[in-house]
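Student: I would like to learn how to read the features of a protein structure. Could we go through one together?

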Amino acid sequence: MPVSLSTALRVVGTSLFALAVLGGILAAYVTGYQFIHTEKHYLSFGLYGAILGLHLFIQSLFAFLEHRRMRGEGRPVRLGRTVALCIAAYQEDPDYLKKCLHSVKRIAFPDLKVVMVVDGNGPDDTYMLDIFHDVMGSERSGSYVWRSNFHARGEGETEAGLREGLARVQALVRSTTYSCILQKWGGKREVMYTAFRALGDSVDYIQVCDSDTVLDPACTAEMLRILEADPRVGGVGGDVQILNKYDSWISFLSSVRYWMAFNVERACQSYFGCVQCISGPLGMYRNALLQQFLEDWYHQTFLGSKCSFGDDRHLTNRVLSLGYQTKYTARSKCLTETPTRYLRWLNQQTRWSKSYFREWLYNALWFHKHHLWMTYESVVTGFFPFFLIATVIQLFYRGRIWNILLFLLTVQLVGIIKATYACFLRGNAEMIFMSLYALLYMSSLLPAKMFAIATINKSGWGTSGRRTIVVNFVGLLPVSVWVAVLLGGLAYTAYSQDLFSETEVAFLVSGAILYACYWVALLTLYLAIVARRCGKRQEQCGLAFAEV
């Protein structure tokens, strides 16, 4: 069969499959078909709930199978391969940067080349260069303060000076084991481009890392093991955990959410070779592939505007677009900083949501090149927030008080089931607090996703540098609107509802007691297990590589 015909058939087939999945979910949602229910439908179980439950079960099953396969991986690494570690830095907290560089020096991989590029070359940025020299030493390291970058001239820079700067950057990166470049501000993608472009084809693999990340000594070898084992794999990501886990309640909840995202969701994707985002703190790519799409990746546009966020997700998508697989390995680990304040976390999540929805559209172009699981999961996760918002608004404005309470109970029940499975898979009782994240998702992340769609072309780093934390209150706008909508709906429902029947009163009282008991129990456990650790010396998740 001709290649063009085969490709066309796969495009048509995956498109029809995606429509069938979406149509099936939509039909189940709209019809509201129920398998079982009590009199007057106080309690029920329907087709839509069954579909979501089955999705969670299948996802958890394949994640478990992938973890079992990871545990069996132990092929020796070919030492003849060359790897460069590229670190992107921007106004980094000095302590985090020192920890990052100390961990880099402890990576157990011979002749690892390290390239750190700083987004900024002013007086306020030179402290990062000083830290680099202090930690990495001056014997095998070199640095260059560049007035320009690859795409913008610095103030007063001549054409001859620009050419000289380009040559010096490339020569420094290729000839020096440890190199640090300070360049004109241009955003994270500009920083990554400089490292990739300067390296060229001088190495076999490129590993990426953020400047707030502490790397496990075995991280490089474990990711290289995956790439060497299968030539069809173009990129691989590792297990990203939280460095400042006990700094606040938001960082702790982020830590349990991170574990679920990597060790359940991405582990499942990895089983089918279609991990949709290799995270910036810990990832590795075949350099030959990366150099193929480097210019297209950098010059990405969306709705006529140049893209300046979602760099890692688009890098992953570019690998997938070439038909190569992307994988995840929990054997490669790192710790990274996460926001400890609610507003900064909200801004981060909004930025990530922007890149998710934008890259979802790009990713859909390549469904036909990969396993049907990628199509199926993209449809389910991509449209789920919209179904959820429609459900919430309908319940709060057209339901009864009991329907609202039952919905809240169901959300927490699903959270407890997922958290219990995570406790089993990880072997850590702390994962039970994953169920608390459900409230954070419903109250904050859901409206942030809608705000992200509305402002999808607004660019920027999204979160400020960690040396100076900038408070941005814009993220509170969608949350405030969402809370007002919910409170308005609750008041409207309470006002318009008829008198409660005896049966409904019994359900309301029982449900309220059950809901209150859940929160009392979880908050008591949180205060006893987690809150007492906050503000104390970091335990760093018990990982041996954290003491740097």
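Tutor: Gladly; we will take a few features in turn, and please keep in mind that this model is predicted.

Student: Let's start with burial. Which residues of helix α4 are buried?

Tutor: A residue is called buried when its relative accessible area is under 20%. In α4, which runs over residues 126-136, the buried ones are Tyr127, Met128, Leu129, Ile131, Phe132, Val135 and Met136.

Student: And what covers the buried residues of α4?

Tutor: The cover includes the strands β3 (83-89), β4 (113-119), β5 (141-145) and β6 (178-183), along with helix α3 (94-105). Just after α4 you will meet Gly137, with a positive phi of about 85 degrees.

Student: How many residues of helix α10 are buried?

Tutor: Helix α10 (residues 311-321) is mostly covered, with 11 of its 11 residues buried. Among them are Asp311, Asp312, Arg313 and His314. The helix is followed by Gly323, which has a positive phi near 90 degrees.

Student: You have mentioned positive phi for glycines. What is the general idea for other residues?

Tutor: Most residues other than glycine have a negative phi. That makes Gln91 a good one to look up, because it is not a glycine, yet its phi is positive, near 45 degrees.

Student: Where does Gln91 lie, and is Gln91 buried, partly exposed or exposed?

Tutor: Gln91 lies in the loop between β3 and α3. Its relative accessibility is 28%, so Gln91 counts as partly exposed. Leu303 is another residue other than glycine with a positive phi, near 55 degrees. Leu303 lies in the loop between β11 (301-302) and β12 (305-306), and at 67% relative accessibility Leu303 counts as exposed.

Student: Let's move on to aromatic rings. How many aromatic pairs does a search of the whole structure find?

Tutor: The search finds 33 aromatic pairs. Take Phe262 and Tyr328: their ring centres are 6.3 Å apart and their planes are at 40 degrees, so this pair is tilted. The pair links distant parts of the chain, with Phe262 in helix α8 (residues 249-271) and Tyr328 in strand β13 (residues 325-336), 66 residues apart. Phe262 and Tyr328 are both buried.

Student: What about a group of rings? Which residues form one aromatic cluster?

Tutor: One cluster is formed by Tyr356, Phe357, Trp360, Phe367, Phe383 and Phe386.

Student: Can a ring also have a charged side chain over its face? Which lysine lies over the face of Tyr298?

Tutor: Lys306 lies over the face of Tyr298, at 4.0 Å from the ring centre. Lys354 lies over the face of Phe309, at 5.8 Å from the ring centre.

Student: Next, empty space inside the protein. How many cavities of 30 Å³ or more are there?

Tutor: The count comes to 6 cavities of that size. The largest cavity holds about 70 Å³ of space. It is lined by 13 residues, and the closest to its centre are Cys86, Ala88, Met192, Val208 and Cys209. The elements that give two or more residues to this lining are β3, α6 (188-199) and β7 (205-210).

Student: Which element gives the most to the lining of the largest cavity, and how do the lining residues divide?

Tutor: Helix α6 gives the most, with 5 residues. The lining residues divide into 9 nonpolar, 1 polar and 3 charged.

Student: Last topic: contacts between residues far apart in sequence. Which residues does Ile250 touch?

Tutor: Ile250 is in helix α8, and at 0% relative accessibility it counts as buried. Leaving out residues up to four places away in sequence, Ile250 touches Pro339, Thr340, Arg341, Tyr342, Trp345 and Leu440. Ile250 and Pro339 are 89 residues apart in sequence, while their C-alpha atoms are 7.5 Å apart in space.

Student: And where is Leu346 found?

Tutor: Leu346 is in helix α11 (residues 342-363), and it counts as buried, at 0% relative accessibility. Neighbours within four places in sequence aside, Leu346 is in contact with Ser444, Ala448, Gly475, Leu476 and Val479. As for Leu346 and Gln183, they are 163 residues apart in sequence and 29 Å apart in space, C-alpha to C-alpha.

Terms used
Residues are numbered from 1 along each chain as its sequence is written. This is a predicted model: local features need pLDDT of at least 70, side-chain atom pairs count only at pLDDT 80 or more; totals for chains, interfaces and linings use all residues. Side-chain values use heavy atoms; hydrogens and water are left out. Buried means under 20% relative accessible area, exposed over 50%, partly exposed in between (1.4 Å probe, protein chains only). Helices (H or I, at least four residues) and strands (E, at least two) are DSSP runs, numbered from the N terminus. Contact means heavy atoms within 4.5 Å. Rings of Phe, Tyr and Trp (its six-membered ring) pair if their centres lie within 6.5 Å; planes under 30 degrees apart count as stacked, over 60 as edge-to-face and the rest as tilted. A charge sits over a ring if NZ of Lys or CZ of Arg is within 6 Å of the ring centre and within 35 degrees of the ring normal. On a 1 Å grid over the protein atoms alone, a cavity is a set of points where a 1.4 Å probe fits but cannot get out, and a pocket is an open set with protein on both sides within 12 Å along at least five of seven lines; lining residues have an atom within 4 Å of a point. Grid points are joined across faces, edges and corners, and a volume is the space filled by probe spheres set on the points. Ala, Val, Leu, Ile, Met, Phe, Trp, Tyr, Cys and Pro count as nonpolar, Asp, Glu, Lys and Arg as charged, and the others, Gly among them, as polar.
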